[in-house]
Amino acid sequence: MSQEKVDRYKAQKARRHEIYKKEKRLLALEKLAGILVCAAIVVWVGYSVYGKISAAQNAKVVETVMDATAIDDYLSELNVEE
């Protein structure tokens, strides 16, 4: 039983370098995937904000024309009576 443990430990020790390389590669891929997800979110938010701002700037300005002759006549009548 003890010899099996020793043999297993020696086999694991012999492959330790390969195992570390594989773990480092997986960690690097996980970091890269996280960075790509964060970059995609930032780009999406930026594009959405840009779209809303450009739509607000390109909105048509509505001009309202008011006929104020009635108010002018009323005010002139008030001034005449004084």
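**Note on helices and surface patches**

1. R25 lies in helix α2 (a helix being a DSSP run of H or I of at least four residues, numbered from the N terminus). The model is predicted, so local features need pLDDT of at least 70 and side-chain atom pairs 80 or more, while totals for chains, interfaces and linings use all residues. Residues are numbered from 1 along each chain as its sequence is written, and side-chain values use heavy atoms, without hydrogens or water.

2. With a relative accessible area of 51%, R25 is exposed (over 50%; buried is under 20% and partly exposed in between, with a 1.4 Å probe and protein chains only). R25 belongs to a surface patch of positive charge, together with R15, K21 and K22 (patch members have over 30% relative accessible area and no salt bridge, like charges being joined within 9 Å and nonpolar side chains within 5 Å; a salt bridge puts a Lys or Arg side-chain nitrogen within 4 Å of an Asp or Glu carboxyl oxygen).

3. A patch of the opposite sign, negative, is formed on the surface by D67, D72, D73 and E77. Of these residues, D67 is found in the loop between α2, which covers residues 16-57, and α3, which covers 69-81; D67 is exposed, as its relative accessible area is 61%.

4. Where on the surface do nonpolar side chains make a patch of about 580 Å²? The residues concerned are V37, I41, W44, V45, V49 and I53. Within this group, W44 lies in helix α2 and counts as exposed because its relative accessible area is 58%.

5. Helix α1, residues 2-14, can be checked against its expected span (1.5 Å times one less than the number of residues). For its 13 residues, this gives 18 Å, and the end C-alpha atoms of α1 lie 19 Å apart, which agrees. The number of buried residues among the 13 of α1 is 0, so this helix lies largely in the open.

6. Two C-alpha separations may help in reading the fold. G46, in helix α2, is partly exposed because its relative accessibility is 38%, and it is 15 Å from A56, at a sequence separation of 10 residues. S76, found in helix α3, is also partly exposed because its relative accessible area is 36%. From S76 to I35 the C-alpha distance is 72 Å, for residues 41 apart in sequence.

Definitions and conventions: Accessible areas come from the Shrake-Rupley method with a 1.4 Å probe; for residues, only the protein chains shown count as cover. Lys and Arg count as positive and Asp and Glu as negative; His and the chain ends are not counted. The place of a charge is taken as NZ of Lys, CZ of Arg, CG of Asp or CD of Glu. Helices (H or I, at least four residues) and strands (E, at least two) are DSSP runs, numbered from the N terminus.
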